[in-house]
Amino acid sequence: MPDPLTKFTYQAFQQGKQYFGITHKTLSNNLMKAFQPPKNVETQGVDLKTLQQLQQRMAALLEQDWQDAEAGIYPKQLLFDNPWEDFLRFYPLVCLDLPKIWQRANDRNYHSFAKDIDTSGYPQYYLQNFHYQTDGYLSDLSAHLYDLQVEILFNGNADPMRRRILPPLKAGLAGVEKAKVLDIACGTGRTLSMIRAMLPKASLYGVDLSPAYLRKANETLSAQPGVLPQLIQANGEALPFVDDYFDAVVSVFLFHELPATARQNVIDQAFRVLKPGGILVLCDSIQRVDSPEFEVMMDNFPAMFHEPYYRHYTTDDLNSRLTTAGFEGVTNQVHFMSKYWVAQKPAVA
Ligand SMILES: C[S@@+](CC[C@H](N)C(=O)[O-])C[C@H]1O[C@@H](n2cnc3c(N)ncnc32)[C@H](O)[C@@H]1O
């Protein structure tokens, strides 16, 4: 039965998050201009037409999110899942951290880690302050602030964009009783938490290079009901699993932070650990080829945030990388500011 009241509540909830994100960014930009005006940052203005297109895409994303929840693909409660306690606790720290981020941006200082952080053993490309964030991905503070920072960046649409991986994942696992699913670069565990709600019988695994983000994922996932996913510190380029092990592999918002060779390595590894017939679902930023109307934003993003591999990513042909690895049936979708790749390992290898 259609459920207009819940839909209205969901829309109001999303609108609240949108206003919060916009207000935060407007205030922090004004403060930055007043106290630490950005040096050497060349960004272009976004015209009204582009903003309207963006607004339309956002509305379409939220409508699709609602439709899929109403169709029972995933539980409606996911639409309202928000780490409120964390947000209230860490929002002041997000604000207090801003001057340090502005300072690093002005100094072009993106190799800055607290003295007690052990940076040995990580790939060189990873040891950076992506987004100029304090300690990169390598401290508990960074892990505590991350979800809130991403929600603000996307005006409350990060989770709806992550949820777009759920319908192809569920369809790809139809008929698999106890699926094994791996999330590469699981971060703080938002995607694993969504998959667990949709597929409560599945065995879930998450890998990430950051011990701090895995700690945070463990903390949040163990506070919710359900079997705890296995969380392992590992490089997506060298997955610590035997061949043909998983029914599905997913990865969200990783590829734009990898150099090109690492992107191919992660795809090759996903292929290796998938069972024949297994499914891969990727989500990351939009690219130039299918979102030319948002080129200005794709140019502005790495100019404002430290994202050294983003520019190349926006032109990288991941479809071709997937077929090079051996995947077949590659399809793409675009929702709001994200793009999706769905691919299958051939049933007979
Ligand atoms: C932008 S965050 C995305 C996190 C999460 N998937 C999400 O949806 O929020 C990128 C994540 O990739 C992880 N990461 C980066 N390079 C990696 C690699 N080579 N192997 C495993 N994790 C990596 C980082 O530690 C970080 O948690």
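This tour proceeds from the ligand to a group of strands, then to two loop residues and a helix.

The model is predicted: local features require pLDDT of at least 70, side-chain atom pairs count only at pLDDT 80 or more, and totals for chains, interfaces and linings use all residues. Residues are numbered from 1 along each chain as its sequence is written.

**The ligand**

Select the ligand and the 22 residues that surround it, a residue being near if its C-beta atom, placed from the backbone, lies within 6 Å. The closest are Ala185, Gly187, Ser210, Gly236 and Val252. Helix H7 (190-198) and strand S2 (203-208) are the elements that give two or more residues to this shell; helices (H or I, at least four residues) and strands (E, at least two) are DSSP runs, numbered from the N terminus. Colour the shell by class to find twelve nonpolar, five polar and five charged residues. Here Ala, Val, Leu, Ile, Met, Phe, Trp, Tyr, Cys and Pro count as nonpolar, Asp, Glu, Lys and Arg as charged, and the others, Gly among them, as polar.

**Strand S5**

Next, select residues 274-285, strand S5. Nine of its twelve residues are buried, so the strand is largely enclosed by the rest of the structure. Buried denotes 20 or more other C-beta atoms within 10 Å of a residue's own, with C-beta atoms placed from the backbone.

Add strand S4 (residues 246-252), which runs parallel to S5 and is joined to it by six bridges; strands pair if DSSP finds at least two bridges between them. Phe246 stands opposite Leu274. On the other pairing, strand S7 (residues 338-344) is antiparallel to S5 over seven bridges, and Val342 in S7 is the bridge partner of Val281.

**Two loop residues**

Move to Tyr132, in the loop between helix H3 (84-107) and helix H4 (140-153). Its phi is near 60°, a positive value in a residue other than glycine. Tyr132 counts as buried because it has 23 C-beta neighbours inside 10 Å.

Then select Asn155, in the loop between H4 and helix H5 (158-163). Asn155, also not a glycine, has a positive phi of about 50°, and its 21 C-beta neighbours inside 10 Å make it count as buried.

**Helix H2**

Finally, display the buried residues of H2: Arg57, Met58, Leu61, Leu62, Asp65 and Ala69. These pack against helix H1 (4-35), H5 and strand S6 (328-335), contact meaning C-beta atoms, placed from the backbone, within 7 Å. Just after H2, Gly72 takes a positive phi of about 85°.

Technical notes
Contact = placed C-beta atoms within 7 Å.
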